[in-house]
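Visitor: Before we start, please show me the model, and then take me through it by question and answer.

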Amino acid sequence: MAGKYCTEFQTTELKDVQASAMAVDCLGQWTLLAGRKNLVFVDLNRPALTTVKVTRQSKWGINCVQWNGHASHAYRFVTACNQRLDLFDFHEASATHLCSLKAHSRTISAVDWSPFDVNVVASCSLDTYTYFWDVRDSKKPVKTFQAVSGVGQVKWNKVTNNLFATTHDGDVRIWDPRKGNTPVQYISAHPSKIHGLDWSSVDQHKLVTASQDCTIRFWDYTNPRRCEAMINSGNPVWRATYTPFGEGVVSVVVPQLRRVENNLYLWHIRNQQSPVHTFIGHKDVVLEFQWRRQQEGVKDHQLITWSKDQTLRIWKVDTSMQKLCGYDIEDNGDAIVEQEFSTPLPQNLLFDLYKKPDTLPTDNRLLIAPKSDTSGVGASAPNVSSHLSMMSSMLSAMTLEEECADIGQMSGVKLELADLEKRTLTFKLVKEQHFMDIHMLFPDTYPIRVPPHLTILQTNLDSEIQQHVVKTFNETSSVHVKKHTNCLKHCFKQILNVMEKSGSLVVNQENTTLGEERKSVLDKKFLVEKVRAPTSPVGQSSVPMYPSGSFHDSCIPFPRTCGATFCSNDYLVMFHVPAALKKVSEDSEITPRALSDLASYSHPQSQWMRNQSNSFVSSLSLFYGSPPATAQEVLSVSSFYTEKTTKSRHHRSHQKSRSKDREGRHEKEREADRASKKMHKVGCVKIYDISPINNISKYAGQHYKLDLDDLHGTCKQNAEVASKMKRNDLIQLWQLVDHMTHEQLRPSPNLEDGAPWAFRPFGRPLLKKMMDHYTKSRDVQTLAMLCCVFWDREKPKRDVLSLITTSSRNDSHLSVTNAYNPYHTVSSMTNLIKGWTSSSTAAALLPHPAPMSPSPVLSPVHPLPPSSSPSSTTSSSSVALGKGGRTMAEVASQPNLAVLFRAGRNKAGRSSAVMKSKRSFSWSESYEDFKVSEEKEPKDKMVERERQHHHNNCKMLDPEQKSHYEEIKKAYANILFKWGLLTESAHILKHTDGGGVEHQTIGCPVSCFNCSTDIREVQCHICKYPALRCAICHMSVRGLSEVCLACGHGGHTSHMIEWFTHQSFCPTGCGCMCLQENSLHNFLSQGRIT
Amino acid sequence: MASVINSVDTAHEDMIHDAQLDYYGTKLATCSSDRSIRIFDVTNGQQTLITQLRGHEGPVWQLSWAHPMFGNMLASCGYDRKVIIWKETNGVWGKLYEYTQHDSSVNSVSFAPHEYGLMLACGSSDGSISVITNAGDGSWDSKKINNAHTIGCNAVSWAPATAPNSLFDSQSVQQGLVKRFVSGGCDFLVKIWVEDNGQWIEEQKLEGHSDWVRDVAWAQSIGLPKSIIASCSQDCRVIIWTNDGVSNSWTSKILHKFDDVVWHVSWSTTGNILAVSGGDNKVTLWKENLESQWVCISDIHKGHGTIGERPSSG
């Protein structure tokens, strides 16, 4: 980086000012520093002596301040405080408040006096308004301009009246006040927020913007689509203003965390690669800088800067520096001298120059100049004697080539690359274990007053030592070039000295790579990852944009650093900030809301700023009130926390001294220190076992018994489990349940036996009370166990046949069980009908065995919504259904008409029901039949209804709430599953109805060869005829079997495999090509089901 | 009473923002400002680092495990506007899918109950909520609720698959489960969203907080008709919202006003204990007694070993 240590400046430290804004008056005499507590006026001619302090009482700081730019009203200034503008006159060391201008509804972000109208000042605010005020009329603004978004900056054009610019996040608007509330131009300048804006003082079309996206961009507003030039500074830029001379721009960046780079940079507009000069000195963020108006005839300019380090610095920008910005001094004589020196001159010409003092008329003037400049601020203009010595020393000056040769003899210095055309040299310096690659650029005028620029390319030195090296170099070189002597040799001597010293600082450094590693780690830490901007407003391929630090951070919640989450069943996972850390903020302060608030915590000195940042409005204004934090700082939440031992890190100097102390320690120690620090930053994640306070227990889940056939034993064991868990309530509960499930209390199937137990006070109501209690404490384990114990299982009765059965477990449960009462609570009407129907048809068909070969059928079962089935009207209708509606039930549940047809044909003529069914392939017909038969038997209906009622009353659990109980059981099964108790989970699920949804499976029932009833087991339960005879051995098949789906023949799997390895046709000789028929492909392509 | 059974040193380089155990409680996933996610095997008290997942370009805010029926799958969201779904295949963790349709930081991610299939919701600071579904054939589909919360959405939480309202309504049982989730945002609101014909519509708007809502949690169903939601906010309050499962109205009850902002609420499996954590680095556990009063049963202070039971008033 091009650097030059500028020794000619004056520093005034003003403690306790805590000013947030600074302004220099147009006469160049007074600087106003405005803070929350007071206004301080500093006489620039005697900055150390003359200060006037005016205290103010306000809870708000001052956002911005500006002096009137007209000499006639130079004593007048305006301050912006929160939403109000205040006008003051400053006379004879006292400030008089003139008036307040109030109209803004949110914080004012900038003010600017009109350069053309002495009475007009513009102000802008986050409330989206820009106002013009006439100071003679303080009641209301004279002009109002509104935009859709908040305004960050407002600046009058310096050349022409009737033009001003405002910034809105990343956009710039150019306005003509005469044209009212419509901007004359929009510029989408940056992808991120613009912090600074300035108009050129020469060209009315030119302006410069500085933005969070790390660039400074130059614009001609007549061409808003293209930015004329762009400087990428690598850090978010806070301000960029044109220099009053030449084509220069001064910028100040927002420094990255812990990097001491609070420098101002001077750029030449056409050289975007590197700054031409760096003003090094400030120890903290530079808040404001302004040019001081110069006295007549003085060529040097002065830059006034105010920084958070509470120092006011005055920098002299001499003509050589001005020249770097392309400013040609108009005075001929001087210009000639400069020009002539700029090229290597033959010695005789130089001598000629020396002999003719009249060619240097400027020096005489310069001689007078310091006297007129009473300030004495850096007024070390050359005098005659120095000038003469310069001339004489010039004779001894060497050319670059000679200097190179001279350097080559130095030990530890190696010339790596020399480009005399471009006047650049690259050296490698080696001292002890340290090395440093440097690149030097020699300006044309070197060594006349202009030192070479130094850039460190690569080194294993600490960044602090690097800084030291740069500083040493700048000092040494500037001393020498002032005398117009070559400086390289001296500089290198000094640098090598520094390197040697640093070597002793880091004594125990084992090898250089360690240091290198550390440096690369550091670099990485500071390296902010660049992401591509979504859209580049200037059409450049990729503009680096920081993912954070953007405006939107104010909407992103503050990161969680502490949390506890219940996981699985018994665990509470907890993470938090380690106990050794505490919040940077005071304990009384509540944690901020948004990520953007973090910015205020990353500046250790910004206590005053932080105090303002609690409200939403001021957290936004933070972006205006001071340089915002950089991406890195925002990203690291850890900056919100600090070690408990350190009270607070209010002073950067303190921090620095700490780090210096550390520097002295051994490297190993440092590593350890860092490691331990890292450990501290991240706490352990703790996993708690919360089972002692949980209401469910894995132990119980494992050991609870559930056997409905041995309820007494179940209750006994469960009470024991409860006593082991020390749950007294559960011991009592299980004892009670034992009594409630006593054999004597079993409901009698006989209606005449009186009310069942469930109907009595200690029946269902007691159970309900118990359930309610455990519902309240959300003890799902106990609830589920109760549900299971009192669950009325409708036991499947396997020996009841159904012509078409599904393999759904659901159905088997719901098949008719009881001779006296076919009615059960079922979840689906379809099932009920089906179940009932099959039993009645079985009864009907019993005496009529039909000669028919066993016909295996493959029937997909479709779950049917009750609404689509005609039999879903009422349950009481199923009596009638028994006689006439069989087919309908089948139609409803069995879409496979072919099967139905076969079934129907087999029974043709044997019963009226079948007769009907034969005719009833038409839907409507069968429905009519059904209705007619329903009306025939109202008495039966009544009886059935009563029975149904009775049956429901026998149940301990309210059938109305059935689905609710099912859910509890499922929830508990799920919990058991989470514990990994798979068997127990499945056991609980066995006690559920499987929900209302039917499972889609494929069943393969066989009809009895003898009596053509359906066989579910190995033999017909009626005629004991085997379900399947093996086609090979003619024995009945028990165990594994294989059946052809086309012809229905089959047998033992082993026999079938044996046969079909050689043959492809049916072993019975029926002519079926079984292998071919049964191939899956065949099935799919022909859609063969039967 | 409750004791630490495992203390995992994550070795993250920066603050941890979320830690989650998987379904069985055997794997621990943590995410941090250092842009990485770490997965540990914590079976039987061990703490073996299984893998470190890198892919986010900013701090990672939240994690969510999928149901084990989908394999070992983890979703993460972060400051870099990304939602990444990670999956273990043959013992190797890798990126399965990356969702990048949000315009700002994604603050919350949550897998839906497994009954809905592979589905997750994420809330972002751009104000929108995305519901991402896997069609089953490997392709991913997303539905975005734009402007769900003005300024930004901070949290999402799914309702249990057995939404109580459907229990008594056999129609809805037949038609399938009603999908619902709750979200909280910078507009101080808690909103309940329901899927209707493939579209997400706002069913309820719960007003009660006076600052940003930081987290919401829908309690697991234990087969009861009652729905319970807990929400916490920057206004230092935790509110318990209940619905009786019959009507459409929600009643609110302030659990407690804390000293500092509340960041996170979490329900235990059976919904009887609520864990509350916030900016003051403390965790408190709350339980509802039989008189329907919420009482604090314990404090966990800055990582002391045990959760001591506090004598409860009920």
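Visitor: Which residues does A:Trp219 touch, leaving aside those up to four places away in sequence?

Guide: This is a predicted model, in which local features need pLDDT of at least 70, side-chain atom pairs count only at pLDDT 80 or more, and totals for chains, interfaces and linings use all residues. Residues are numbered from 1 along each chain as its sequence is written, while chains are lettered from A and ligands numbered from 1 in the order in which they are written. Taking contact to mean that two C-beta atoms, placed from the backbone, lie within 7 Å, A:Trp219 touches A:Ile187, A:Ala189, A:Leu207, A:Thr209, A:Cys227 and A:Glu228.

Visitor: Is A:Trp219 buried or exposed?

Guide: A:Trp219 is found in strand β20 (residues 215-220) of chain A, where helices (H or I, at least four residues) and strands (E, at least two) are DSSP runs numbered from the N terminus. A residue is buried if 20 or more other C-beta atoms lie within 10 Å of its own, exposed if 12 or fewer, and partly exposed in between. Because A:Trp219 has 25 other C-beta atoms within 10 Å, the residue is buried.

Visitor: Which element gives the most to the side of chain A that touches chain B?

Guide: Across the interface, 66 residues of chain A are in contact with 79 residues of chain B. The elements giving two or more residues to that side of chain A include β35 (563-567), α15 (667-681), β39 (685-689) and α29 (962-979) of chain A. With 8 residues, the element that gives the most is α29(A).

Visitor: Which residue of chain B stands opposite A:Val685?

Guide: Two strands pair if DSSP finds at least two bridges between them, and 5 bridges join β39(A) to strand β1 (residues 2-8) of chain B, the two running antiparallel. Opposite A:Val685, in β1(B), stands B:Val8.

Visitor: Which strands stand at the edges of the sheet β6-β7-β8-β9 of chain B?

Guide: This open sheet of 4 strands has antiparallel pairing, and β8 (residues 83-89) pairs with β9(B) over 7 bridges, with B:Thr89 having B:Val92 as its bridge partner. Each edge strand has a single partner, so one side of each is left without a neighbour in the sheet; these strands are β6 (60-65) and β9 (92-99) of chain B.

Visitor: What is the bridge partner of B:Val238 in β21(B)?

Guide: In chain B, 4 strands form an open antiparallel sheet in the order β18-β19-β20-β21, with β18 (213-218) and β21 (251-257) as edge strands that each pair on one side only. Strand β20 (residues 237-243) of chain B and β21(B) pair over 6 bridges. The partner of B:Val238 is B:His256.

Visitor: How far apart are the end C-alpha atoms over residues 255-287 of chain B?

Guide: An unreviewed UniProt entry lists this stretch for "repeat: WD", along with others including residues 206-241 of chain B, although such annotations may be inferred rather than shown by experiment. Over residues 255-287 the chain is 0% helix and 64% strand, and the end C-alpha atoms are separated by 10 Å.

Visitor: What percentage of the residues of chain A score at least 70 in pLDDT?

Guide: The predictor's confidence in each residue, from 0 to 100, is its pLDDT, and this value stays under 50 over residues 504-551 of chain A, for which the model has 66 contacts beyond four places in sequence. Where pLDDT is low, the predicted coordinates should not be read in detail. Chain A averages a pLDDT of 68, and the share of its residues scoring at least 70 is 62%.
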